[in-house]
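Here is a short set of exercises to work through at your own pace. Keep the viewer open, try each task, and then compare your steps with the solution.

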Amino acid sequence: MNWNTWLPVLVVISSMLPGLIIFGLAEHRVRLRTILNLFGAVVKLFLVGWMLWGVYHGQHFETRLMLLPGLELVLRAGPLSLMFITLSSILWLVTTIYAIAYLEDSPNRSRFFGFFSLCVTATIGVALAGNLITFLLFYELLTLATYPLVVHRGTEEARRAGQSYLRYTIFGGALLLIGTVWLYSLTGTLEFAPQGGFLSEIGAEHHTSLIIIFALLIAGFGVKAALFPLHGWLPKAMVAPAPVSALLHAVAVVKAGAFGIVRVVYDVFGVEFATDLGVTGPLAWLAAFTIIYGSLRALFQDDLKRRLAYSTISQVSYIALGVAIAGPIAAIGGIIHLVHQGLMKITLFFCAGNLAETLGIHKISEMNGVGKRMPWTMAAFTIGAFGMIGAPPIAGFVSKWYLGTGALEVGQGWVLIVLAGSSLLNAAYFLPILHRAWFRDPPNNWPHEHDFGRKETAWPLLFPPIVTAVLALAAGILASAPFSPLEWGQIVAQREFYKP
Amino acid sequence: MYFYALIGVGLFSVGLYALINYAHLLRKILALNVMGSGIFLILIALAKRTGETQPDVVPHAMVITGIVVAVSATALALTLMLKLAAETGRAELSEKDRD
Amino acid sequence: MEVVFKEFPWVAVLILLPLLGGIVCFLFSGIAKFTGLMTVFFTALSVLGLGWQIFDNGVYRHAVGGWGAPLGIDLYADGLSLLMLAATAFVALGVSVYSAGYFERGYSTRFWPIWLFLLGALNALFLTADIFNLYVTLELMGLAAVALAGLAGGKNALTGAMRYLLATLLGSLVYLLGVALLYHGFGTVDITLLAQRAEASPVIWAAFGLIAAGLMLKTALFPLHFWLPPAHGSAPPPVSALLSALVVKASFYILLRLWLEIFGPLVSNTDVSTLFGLLGAAAILWGSVQALRQTRLKLMIAYSTVAQIGYLFLAFPLATAAGVAAWSAAMYLAFSHALAKAAMFLAAGNMLRFGGHDRISDLDRVVQRLPLAAAAFALAGMSIMGLPPSGGFIGKWLMLEVAIKQGRWEIVIVMILGGLLAAAYIFKVLGHTFTQAPSPHESKAVPASMEWSALLLAIAAVLLGFLAIPVLSLLNIGNPFGISEVTP
Amino acid sequence: MNVTTFGIMLWVAVIFPLLLAIPALHSRLPWPRYIAIIPAIIVTLLPGEFFLALPWIIFESELAINGEMRWILTMTVMIWLIAATSTAFSKNDISNDRTATTFFLLTLAGNMGTVLANDLVAFFCFSTLMGYGFYGMLIQNSNAETHRAARYYLWCLIAADLLLFEALLLAGFENNGLHFEIVPTTMAEASSSLYLWAVFIGFALKAGIWPAHLWLCTAFKSPNLLPVLLLSGVPVAMALLGAKRWLPFGESAFFDSGILILMLGMVAMLYALLKFATHLSSKLMLLAWITILMTGLFVTALGYGLAYPSEWVRYQHYLQPFIVIFVVCLTTATLIFARSHAVPQISSLELQSKSKLNLNIIKIQHWVNNKYLQLKLSSRTSWVKTAKRYQRILFWQKPFELTIGWSGRITMLVVLGLSLAWLAS
Amino acid sequence: METLTLLALSFDALLNLSLLYLAWILLNCEDLLKAIVLFVAFGLLMALAWVRLDAPDVALAEAAIGAGLTGALLLTALAKLRVIETNKGTTQQLKQDSENFQTLHYMTPLALLLVAIGLGYVVFSMPPISAGLSNDVATNMGNSGVSHSVTAVLLNFRGYDTLLEMFVLLVSLLGVWSFGSTTSQHETTPGPVLDTLTRRLVPVLILVAAYLLWVGAHAPGGAFQAGSVLAAAGVLLLLMGWRPGGYLSTLPFRLILVAGPGLFAITAALLYLLKGQLLAFPVEYAGIIIFALETTATLSIAVILAALFLSEPPHSDKEHI
């Protein structure tokens with residue numbers, strides 16, 4: 001038996017199994033549940049580390065299961081997949097710790113953590129998927145696993161947000177399904193083909209069909225990636241508990257969509273072929289528009305999490321933009337933003353959650369002087385926010401750098417203007433928050449304060465944002481170190497995107 | 001013999017018409033029985049086309065089977081109708097008061 | 001040993017065991033539940049045996065009484081029958097375990113014999129190759145189903161049962177007239193012989209019109225679905241499960257069988273197929289929209305059945321060019337729908353029993369306290385919606401593939417719309433799983449066997465997504481769809 | 001002590017204050033503001049030119065020091081020592097609290113990094129850090145006027161950073177490395193006036209060169225001594241330094257752009273002189289006009305250098321000493337003036353009335369918000385209404401569901417059967 | 001000869017037209033009781049038609065079951081319905097189904113007319129001579145164990161149909177029982193005429209049934225006809241007010257109910273085990289087996305039909321509702 005054929009499955013199972021067991025646990029078995037959660041997360045991290053090392057040294061990890069004649073379930077760990085699952089498994093661990101503290105004493109925790117694990121399982125599956133059908137499978141699974149998390153609060157608002165989420169995602173899933181089946185009926189294969197896709201041979205024959213398929217697939221993924229005009233669900237989904245929002249925005253749902261776009265452009269169509277078809281241009285424009293639009297909308301939100309949500313809409317489109325610019329350097333920018341945005345945005349959401357949990361703050365207008373009350377939290381928030389703006393040397397800067405030079409490389413200078421405008425807007429909606437938090441005087445009473453003794457908040461709540469903030473910082477400062485997102489992104493571009 | 005078969009067709013149509021036209025369940029049951037008779041008539045009338053004196057007996061067996069099935073169904077339908085009437089006071093299918 | 005298994009008369013067991021089991025249940029009401037469960041269990045085992053048999057030996061043909069086709073009655077089993085038998089066995093197992101907990105003693109003694117007769121009728125129906133015998137099994141099945149549907153009593157159930165009875169009797173009669181015409185036109189009631197002897201003629205056309213109309217009525221194809229929602233919506237949940245999962249499929253099976261063997265090659269294929277496809281599409285849209293509008297859970301599920309029936313008929317227009325693929329897709333959908341819909345009704349039954357009502361808007365009080373029922377409903381819903389990796393997804397995938405290959409975009413759009421609408425009505429229910437609500441005033445405990453049978457059926461519906469290859473290869477034993485492989 | 005150790009010292013000079021900036025650390029140490037400067041002092045004392053590149057750091061950035069930069073570094077150390085001393089004996093609690101110290105140290109670290117940076121990226125990173133840190137210092141415990149200044153500064157900063165980022169991208173696109181030794185030359189060869197203007201405007205914003213002097217003038221009115229003291233030494237001087245190091249000087253001449261910049265500098269000087277003569281409200285404002293005058297002079301020099309590269313080669317070495325002298329003088333003057341002068345009070349009227357521009361922006365914001373959101377809301381409600389109405393309309397459902405009932409159904413069966421038979425034929 | 005044919009033809013025409021006329025009247029007349037009486041008459045005319053069509057077995061079955069038993073079932077049902085309606089104060093009149101019928105008013109008859117014309121055309125399009133399966137039946141009669149061809153088809157050639165059909169009967173009884181008691185019965189004591197009639201008639205009917213059963217092997221008659229005649233005896237008894245009461249729930253009674261279908265099924269299973277063929281009667285024993293099957297079937301059919309007429313579930317079930 002070869003370990004390499006089993007490792008991808010094991011990685012998937014390592015979160016699925018704890019999740020399934022947790023469903024069956026009684027509500028009061030807190031300790032067992034915590035152990036299961038953490039055990040799963042650590043095991044996954046270990047397995048991912050193993051694969052990371054293996055892939056770095058050129059090993060192959062692949063699992064196949066026949067689904068239909070000529071159609072297989074394929075889990076394959078390539079550099080790109082590993083990039084995503086490393087992010088997911090690290091952030092899962094952190095978020096689990098956070099969630100355990102955040103949801104202390106709230107009802108239905110077994111259900112929550114069960115779906116939480118399933119959500120990560122689906123994300124890992126999306127990352128490891130070796131063909132479009134496997135991708136589709138886990139992508140839909142992700143929809144189903146996240147829905148209960150979105151409506152977890154059980155309020156009417158949550159229910160409506162959940163319905164809205166479903167309306168969008170199921171619709172997107174349907175488009176995706178059509179696109180996939182159509183593609184399959186044209187080619188007879190759905191296997192992701194690094195370095196050029198698998199469609200260029202039939203390009204001449206099915207020119208129009210392929211353009212429509214591209215549009216269908218991108219629309220399908222665009223729903224989760226919150227591309228304009230398919231972004232409507234994301235701000236509403238903010239009613240979910242903070243760890244869920246964190247996971248949704250940083251890793252799971254939004255990223256799965258963005259990751260799908262990367263896969264479509266690079267591994268299905270192949271970037272050169274896609275450019276020949278003339279589909280990358282519109283995609284780039286759409287992404288650019290979404291970037292600006294999301295930022296503009298964010299400006300007018302007073303609810304902190306809603307502002308962050310619109311910020312996500314804007315930021316995730318950087319990935320799509322990087323992909324659509326269709327140059328090797330821009331591609332690196334896009335895919336490292338996958339990681340960078342994850343780290344930064346999860347930090348922001350953790351901090352927002354801390355504010356809500358500790359002081360009962362939900363609105364930006366309530367944040368006066370909060371930096372004095374919770375300096376660590378706000379420090380982490382500051383790093384995240386500056387990263388979003390693209391201030392060096394935080395991770396966001398590196399992404400923007402590569403996007404910018406990538407755009408110049410292929411002669412698309414207009415992207416620079418978009419980047420600048422977006423940064424400006426980011427500053428416009430983040431800096432006032434920071435200003436309030438640090439420089440305004442705190443009120444006498446916080447809306448709903450919890451007492452945590454001398455500490456500013458419970459340490460399992462504080463520890464995750466600090467860790468992720470440090471990671472975001474490190475991803476920027478140590479960008480040239482081996483195994484840094486940037487270095488790995490270069491490996492991805494080298495091995496998967498462009499023919500050497 | 002075609003004449004009998006034609007009358008079978010006629011009975012079938014008349015039964016169908018009554019089945020459609022009248023609301024009372026008892027009449028619907030009667031109509032179904034008449035329709036059945038029509039079909040049996042067609043079956044047996046056409047069985048005489050053997051060209052000999054002895055008709056084809058397989059349809060006869062089929063019709064006997066059919067008659068027994070018909071009486072079973074009628075009994076079930078009548079009981080159901082009575083139960084329904086006991087519940088609603090009318091031996092009709094109300095179209096509206098579904099909730 | 002192996003030889004014994006291969007030669008064992010599984011077909012006879014499949015037909016006679018449930019009938020005799022029903023008699024035993026009727027005679028000794030004290031052991032009705034036990035007998036019923038054992039009978040269903042061994043019947044299911046026999047399906048396994050039959051599957052093995054025909055997998056090794058190919059199609060199975062048996063002349064009852066030794067007379068042979070034109071005079072006597074033949075039994076026939078190929079992949080298509082096997083698939084239907086397997087679906088029946090699965091659903092029967094789940095529903096029986098459920099019913100063992102559901103029916104209390106008084107109802108139990110009535111339920112089991114009728115249910116076993118229904119099972120026997122279904123098995124006989126799937127195994128016969130004689131269209132008059134099909135009529136008898138149809139009647140047996142129909143009367144048993146009506147008896148079960150009215151079991152609960154009460155105004156709604158009785159109205160539903162009455163409507164159902166009239167519809168099923170009318171359908172059978174019309175079918176019988178078609179059989180009569182076929183017999184007199186071609187001198188036989190054996191399907192294979194008919195296929196050989198029949199030629200395009202007024203008899204064929206009329207017989208086709210009669211048989212198809214009768215069976216469409218029994219299958220509840222739009223716009224002849226009017227009897228289904230009240231009957232399925234008001235019957236006891238396990239019965240609704242049987243009706244929706246199996247009984248409507250049985251008449252579809254006959255229609256399909258006769259279409260494949262007799263009518264398909266003889267009638268003007270394209271026109272008829274187009275009509276079927278149109279009605280199927282209308283059924284999908286109409287059923288789904290109606291399901292979305294319902295305020296009662298079971299009625300909603302019943303309308304969902306109306307919609308799902310539509311998918312089966314979409315295969316007709318597709319099959320003119322790609323027979324095997326389209327029919328495989330339809331049968332896969334039928335199979336997974338059987339499992340999923342049964343699970344759905346059973347889960348709904350659990351909710352109904354727990355909370356005493358099935359108003360969707362008040363379900364939040366119930367569903368949260370029944371996590372297993374909610375899970376079963378959700379998993380079954382996955383298959384109904386056609387989300388991967390469920391059986392419904394594979395079926396839809398296959399059908400979509402065929403449709404796209406042929407450029408039938410209207411079918412693609414209808415299927416996708418149907419899926420979206422299905423998602424809408426299923427999540428309308430599931431949304432209540434998560435809202436906070438006080439517990440109902442009076443709740444009744446739900447036995448574990450009822451919870452788990454629903455869940456296991458739902459899981460089976462999902463796992464079916466991974467079994468496409470073996471199931472499809474079994475389905476094609478004896479090449480049941482081969483005949484319609486006409487190139488346009 | 002070899003060169004590598006010296007190199008490490010460079011990094012220590014930057015990272016040490018950065019680490020100390022964490023409140024939990026500096027609150028436990030005595031005199032944190034002084035301690036933070038110590039490594040930088042050591043660097044000034046270390047002999048010779050040396051550098052250290054860290055391969056893992058972003059773009060393999062490096063810090064270095066050479067003869068010219070040593071002047072600047074010494075100057076920086078000096079003004080920071082002055083600043084530290086000015087607050088050390090202050091009785092003002094707030095200017096000494098933890099947050100203030102944090103921003104002090106952040107700005108310090110940024111400043112050190114900016115001075116020691118030997119490539120564009122490092123310079124950019126540290127100057128950004130410095131900029132935001134300085135914003136923090138500016139806004140602390142401030143009145144409305146300073147608030148405004150801080151806001152202006154912030155916007156300038158953001159805009160400048162964006163422009164510089166674009167410039168950086170252009171440079172990165174043209175070059176393999178981003179070292180100061182090569183970038184100006186290669187960018188000059190690439191004849192990129194886009195790069196030139198991005199860099200120039202970026203640093204002009206940061207340095208408060210006319211006409212972007214608004215924030216500078218307002219900032220001088222701050223009641224906080226510390227930022228006013230550091231104003232010329234930190235943001236302005238570093239911006240000038242940046243301009244000098246980034247601009248594309250080399251063989252190719254940017255004659256038009258150079259002359260334009262030169263004229264801009266002269267206008268700035270003229271403006272400053274005019275203001276100087278007519279509009280003198282306080283002695284601190286005098287310093288502001290002097291600063292603008294000096295930066296104008298500097299810009300004139302830059303413009304001349306851009307227009308005539310051959311001249312540039314000759315006099316460019318004077319620019320750094322110029323900065324040093326200018327900054328030291330100005331800082332000392334500020335210190336003296338600030339000690340002797342009470343900070344002018346801002347009238348309450350002025351406090352209340354925000355600037356017109358500001359009000360307008362808020363108005364526009366509201367307008368857009370209302371317009372947009374209301375539009376959306378109203379359209380949505382009407383949409384929902386329409387949908388609901390359609391849902392309620394039952395007449396089209398009647399033929400199939402309710403009234404037609406049994407008879408219609410069976411008729412349909414008949415019709416279907418007929419049509420099937422007909423189609424079949 | 002010609003006059004005879006003419007006579008026969010005119011008789012046929014008369015018969016046919018009266019059938020159609022009766023059907024039309026019975027389905028459209030105001031009074032339900034009249035409709036049922038006409039239905040019985042219609043059944044008797046149908047029996048006549050069967051005789052004309054050389055189908056005496058069917059005629060017997062029609063007379064006994066189609067007209068007789070169905071008529072009795074309908075009459076009692078109507079009586080019970082009247083009781084219910086009186087209790088509930090509702091009246092019934094001839095009413096068209098559903099108010100929206102107007103729109104379809106012209107369409108339905110038109111469609112039906114089309115159906116009738118089409119079917120008529122199809123009937124005429126059939127070949128004038130078609131042997132059907134009569135030759136096959138004739139060839140295989142020797143091996144069937146009986147000499148009457150209808151019985152041979154019913155119990156041997158297509159015995160499997162009959163097996164399932166017995167279960168149809170049983171299921172309908174179970175269904176009737178499962179719906180529970182229909183009404184509180186209005187017990188009427190039978191008048192002296194009926195009482196006397198019954199006392200005379202029941203033994204006769206039993207004898208007739210036995211004869212029909214016996215004769216089925218070689219002449220028209222058989223299990224169904226005999227069973228229904230026997231059931232008629234039961235119906236008479238029931239009409240007289242005799243009630244089985246507890247008998248219905250006893251095991252022996254239930255055994256009689258299931259004896260027919262049960263024995264049939266067991267025979268099928270045993271023959272499969274012995275001969276590897278479902279319902280393959282050994283030629284030498286076929287007659288005996290068929291007779292045994294018919295006897296039990298007669299008993300079961302009779303009891304089932306009588307129980308259907310009673311339509312009251314046995315007491316043991318009632319207690320648990």
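The exercises below go from the whole complex to single helices, strands and residues.

**Before you start**

This is a predicted model, in which local features need pLDDT of at least 70, side-chain atom pairs count only at pLDDT 80 or more, and totals for chains, interfaces and linings use all residues. Residues are numbered from 1 along each chain as its sequence is written, while chains are lettered from A and ligands numbered from 1 in the order in which they are written.

**Exercise 1. Confidence**

Task: Find out how confident the predictor is in the complex and in chain E.

Solution.
Step 1: For the complex, the predictor gives an ipTM of 0.80 and a pTM of 0.84.
Step 2: Turn to pLDDT, the predictor's confidence in each residue, from 0 to 100. Chain E averages 79, and 85% of its residues score at least 70.
Step 3: Go down to the elements; helices (H or I, at least four residues) and strands (E, at least two) are DSSP runs, numbered from the N terminus. In chain E, helix H7 (residues 159-178) has the highest mean, 89, and helix H12 (residues 315-318) the lowest, 49.
Step 4: Look at residues 316-321 of chain E, where the pLDDT is below 50; beyond near neighbours in sequence, this stretch has eleven contacts in the model. Two residues are in contact if their C-beta atoms, placed from the backbone, lie within 7 Å.
Step 5: Keep a caution in mind: where pLDDT is low, the predicted coordinates should not be read in detail.

**Exercise 2. Chains that touch**

Task: Which pair of chains has the most contacts, and what does chain B bring to it?

Solution.
Step 1: Eight pairs of chains touch, and the most contacts are between chains B and E.
Step 2: The two sides consist of 68 residues of chain B and 78 residues of chain E.
Step 3: On the chain B side, helix H1 (2-21), helix H2 (25-46) and helix H3 (58-88) each supply at least two residues. H3(B) gives the most, with 23 residues.
Step 4: By class, this side of chain B has 45 nonpolar, 16 polar and seven charged residues. Here Ala, Val, Leu, Ile, Met, Phe, Trp, Tyr, Cys and Pro count as nonpolar, Asp, Glu, Lys and Arg as charged, and the others, Gly among them, as polar.
Step 5: For contrast, try chain A. No contact joins chain A and chain B, whose closest C-alpha atoms lie 26 Å apart, and chain A and chain E do not touch either, with their nearest C-alpha atoms 37 Å apart.

**Exercise 3. Inside chain E**

Task: Describe the make-up of chain E, then place E:Val51 in it.

Solution.
Step 1: Chain E has twelve helices and zero strands.
Step 2: Of its 321 residues, 48% are buried. A residue is buried if 20 or more other C-beta atoms lie within 10 Å of its own, exposed if 12 or fewer, and partly exposed in between, with C-beta atoms placed from the backbone.
Step 3: Among contacts in chain E between residues at least 6 apart in sequence, 74% join residues at least 24 apart.
Step 4: Domain bounds, which come from an automatic or database domain assignment, give domain 1 (7-90) and domain 2 (145-321) of chain E. The contact between them takes 14 residues from domain 1 and 17 residues from domain 2.
Step 5: E:Val51 is found in helix H2 (residues 32-52) of chain E. E:Val51 has 17 other C-beta atoms within 10 Å, so it is partly exposed. Leaving aside neighbours within four places in sequence, E:Val51 is in contact with E:Pro56 and E:Ala59.

**Exercise 4. Two helices and a hairpin in chain A**

Task: Is helix H9 (residues 242-250) of chain A mostly covered or mostly uncovered? Then check the span of helix H12 (residues 280-299) of chain A and look at the pairing of strands S1 and S2 of chain A.

Solution.
Step 1: H9(A) is mostly covered, with nine of its nine residues buried. Among what covers them are helix H3 (79-102), helix H4 (109-128) and helix H14 (328-359) of chain A.
Step 2: The expected span of a helix is 1.5 Å times one less than its number of residues. The 20 residues of H12(A) should therefore span 28 Å, and the end C-alpha atoms are 29 Å apart, which agrees.
Step 3: The buried residues of H12(A) include A:Leu283, A:Ala287 and A:Ile291. The helices that the buried residues of H12(A) pack against include helix H7 (207-224) and helix H18 (414-439) of chain A.
Step 4: Strand S1 (residues 61-68) and strand S2 (residues 71-77) of chain A pair in the antiparallel sense over seven bridges; two strands pair if DSSP finds at least two bridges between them.
Step 5: A:Arg64 stands opposite A:Val74 in S2(A). S1(A) and S2(A) form a hairpin with two residues between them, and A:Gly70 in the turn has a positive phi of about 80°.
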